[in-house]
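Colleague: I am new to this structure and would be grateful for a close look at a single part of it. Please choose one chain, describe it with care, and then place it among its neighbours.

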Amino acid sequence: MRFVRRAWILAWKDLTIEWRAKETLNSLFFFALLLIFLFQFALGPDRERLSAALPGLLWLGFILSGLLGLGRTFAGERDNDCWDGLRLAPGEKSAIYVGKLAGNLLLMLAVEAIFLLLFGVFFDLDLVAALPGLALVVGLGTLGLAAVGTLFAAMTAHVRARELLFPVLLLPVEVPVLLGTVKATEAVLLGEPLGSVAHWLKLLAVANVIYLTIGVLTFDVVLDG
Amino acid sequence: MWFSTGSRGLTRVLGWLAALGLLAGLVLALGVAPREVSQGNVQRIMYLHVPSILTAYLAFAIVLVASLGYLVSRRQAWDRWAGSAAEIGTLFTGLTLASGSLWGKPTWGTWWTWDARLTATAVMFVTYVAYLMLRGMIDEAERRAQLAAVLGILAALNIPLVHFSVLWWRTLHQPPTLLRPVPAALAGIFRLTLGVNWVAFTLLFAYLLAKRIRVGRLSEAGLP
Amino acid sequence: MPDHPATPEHWGFVVAAYGLAAIVLGGYWRRLVRLEREATAKHDRRPAPPGTATPR
Amino acid sequence: MKDATELLVHVAGLRKAFGATLVLDDVSLSVRAGETVALLGANGAGKTTLLRILATLARPTRGTAVIAGFDCVREPERVRERVGLVAHGTLIYEDLTAEENLRFWRVLSGGRALAADLREALAAVELEPYAGERVRSFSAGMKRRLSLARVVLARPQVLLLDEPFAGLDQRGKKWLEEYLHAFKAGGGAIVMVTHSFGRQLSVADRIAILGGGRIALDRPRPSVTADELARLYALHTEDAP
């Protein structure tokens, strides 16, 4: 129906522009590679010592690249001076939130897939076995990041020091998602059944419901700037 | 809002009440209450630590309600309540962390322990510092009120999520420490001291809130 | 000090905690008083703009 | 032909303040179907602010702004369905093609992006040959025309124009004049902010001058000769904040 069409056209616009310019996609892939090296140099090559911290490192990489990607959600509107256009287009403003969120999700999942591949190679991880569980955890965690990230990107779109304010706003709020995803990933990588981290998965699900609800209900106020 | 419509007399009374309460609380906490058997004197910090966090929770509850109030009515008064309560709430959260750390050093030998309750308080602290930074970075009053309201709601609803995630994150390794609000077997005098301090802190909070709201209203009063 | 206490007195930490609270809260209160005085002065001196509207 | 007496734009007692500065004090303005008002005023007199309020992009401190019977503050979405705003920003994505830009805004506004409609709108502003080219390669004049095509496609009832002829190339100016006359004939109301007293005013039925935060003058255009207008303009705008 109309809501979906409007959300879709927005996601289509962002992904088309991204596909043509490829500025965010390429830089985030490269950023992921750099992070892998950074972890190695910072924590030493000794694989044994690193293996305990792997889930944490993985999600640290996801969050850092996520911050970069999410921070640019409304860069296109800013550069092309189209912010008012989004406000002028009649219809539910939450459709814009959903469209932008979908675009961000796809972008982040693409980068995270590459990150996982690199992680598998550099840290000799058997990802195939853990894939189904990992996919669920990464999906829930990324949605949690993107749901709040997209909202905060709109809030800080016109603030002077937004590059500083955006991470400062997002990271404290995402602590539950960070704790949940790292713990769940740890269990998945150790091959434990998902049941052992059911409570963490529930927490992530509840968090996502809260974040998405607030995002949808308050986006027209946030866009109103 | 009767509270903030310049009833200066009431605010001054509140101020004196708070001062008296704090004095009574201090005398009780440092003098009257006996030295707690197992933890020793350092347990007296509890009479400061617990009321601080309880007052902080009250403040952030007000931020939530005021933020919702603003979004519904778009009246600036609600935003002043949210901003003022958040500022003072963050102050009390900071005090909670400081007193927790001062309590931890003699008890644990370290200034900071990733105890579930302290960690949750620390996350709440940085969240609301970020809230204050957001308010500080937006000049236009209406825009600031709108965005602060959204964050005020999200931050408040996030507190239980933070609480549980930190609790599970810590409990699997180490049971929550004795920093429970009211240790079960608290004799009457301990309970009284804690109660008086809690009331005193709440009065102090109300007094500071009234004053902060007045400052906010006066500095914006010139605007049509 | 009465009998030899099983645990050290740690009065230093207790005083530090209450002292810090007093300094922080006292400082904030003094700042509020100063701000209030300035705002009141500025408010009284400011000529009310033509037809000052009640807050919307 | 829409009922000529229907009030499409009604502004009453409008005030807008940014912080302590009062930009609009007590503005009242009415525009009927088929009527065009040219809004003159010094820089900073609040012309653009008034347009932004009518376009639901800014909220008045006091007073009401009603478009086609819908209040701009209480029912912004209804107003947005009926208003076309052409302002300094061209609202165009440079990495999309001309046609893609039109499709995006059309669908985002809840409409159906039929290729025929898009091509027709592009043809109207003589940009059809460039439909598939990215806007980044367009000249400033072409971008302005694409921006106008976006508004034409939405078929608004009320046009809010902020210096519409500025930045347009010759071809664009000619086309815009024809379009405005056709739009008026179709029963649309126009509020046009402009600085020039020249030929562009020919489309205006009334001339209003915004000065001192209120409508200082509102007279039918034919009743005002060019030099008289210049004198009145100077008179009413020297006290603009």
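Modeller: The account below follows the strands of chain D and then turns to chain B and its partners. Please note at the outset that this is a predicted model.

I begin with strand β7 of chain D, which covers residues 158–162. Five of its five residues are buried, so the strand is largely enclosed by the rest of the structure. Its side chains are divided between two directions: V158(D), L160(D) and D162(D) point one way, L159(D) and L161(D) point the other way, and all are buried.

β7(D) pairs with strand β6 (residues 83–86) of chain D in the parallel sense, over four bridges. Within this pairing, L85(D) stands opposite L160(D). β7(D) also pairs with strand β8 (residues 189–193) of chain D, again in the parallel sense, and here there are five bridges. One of the positions involved is L159(D), whose bridge partner in β8(D) is I190(D).

Chain D also holds an open sheet of four strands, in the order β2-β1-β4-β5, with antiparallel pairing. Its edge strands are β2 (21–32) and β5 (70–71), each of which pairs on one side only. Strand β1 (residues 7–18) of chain D is joined to β2(D) by eight bridges, and the two run antiparallel. K16(D), for example, has L24(D) as its bridge partner in β2(D). The hairpin formed by β1(D) and β2(D) has two residues between the strands, and in it G19(D) takes a positive phi near 65°. Towards the other edge, strand β4 (residues 62–67) of chain D pairs with β5(D) over two bridges in the antiparallel sense. There, I67(D) has F70(D) as its bridge partner.

The neighbouring chains may now be considered, with chain B as the point of reference. Of the five pairs of chains in contact, chains B and C share the most contacts. In that pair, 27 residues of chain C are in contact with 29 residues of chain B. The side of chain C that touches chain B comprises 19 nonpolar, five polar and three charged residues. Chain C itself has one helix and zero strands, and 14% of its 56 residues count as buried. No contact joins chain C to chain A, and the closest C-alpha atoms of these two chains lie 17 Å apart.

Chain B also meets chain A: 26 residues of chain B are in contact with 24 residues of chain A. Helices α4 (116–137) and α5 (141–171) of chain B each supply at least two residues to this side of chain B, and α5(B) gives the most, with 17 residues. By class, the side of chain B that touches chain A has 21 nonpolar, four polar and one charged residues.

α5(B) has 31 residues and reaches 43 Å from its first C-alpha to its last, close to the 45 Å expected at 1.5 Å a residue. The helix bends by about 30° at I159(B), and a proline, P160(B), follows within four residues.

Finally, a word on confidence in chain B. Its mean pLDDT is 87, and 89% of its residues reach 70 or more. Over residues 1–5 of chain B the pLDDT is below 50, and this stretch has eight contacts in the model beyond near neighbours in sequence. Residues 173–179 of chain B likewise have pLDDT under 50, with eight contacts beyond four places in sequence.

Conventions
Residues are numbered from 1 along each chain as its sequence is written. Chains are lettered from A and ligands numbered from 1 in the order in which they are written. This is a predicted model: local features need pLDDT of at least 70, side-chain atom pairs count only at pLDDT 80 or more; totals for chains, interfaces and linings use all residues. Two residues are in contact if their C-beta atoms, placed from the backbone, lie within 7 Å. Ala, Val, Leu, Ile, Met, Phe, Trp, Tyr, Cys and Pro count as nonpolar, Asp, Glu, Lys and Arg as charged, and the others, Gly among them, as polar. pLDDT is the predictor's confidence in each residue, from 0 to 100. Two strands pair if DSSP finds at least two bridges between them. The expected span of a helix is 1.5 Å times one less than its number of residues. The bend at a residue is the angle between axes fitted to the seven residues ending there and the seven starting there. A residue is buried if 20 or more other C-beta atoms lie within 10 Å of its own, exposed if 12 or fewer, and partly exposed in between; C-beta atoms are placed from the backbone.
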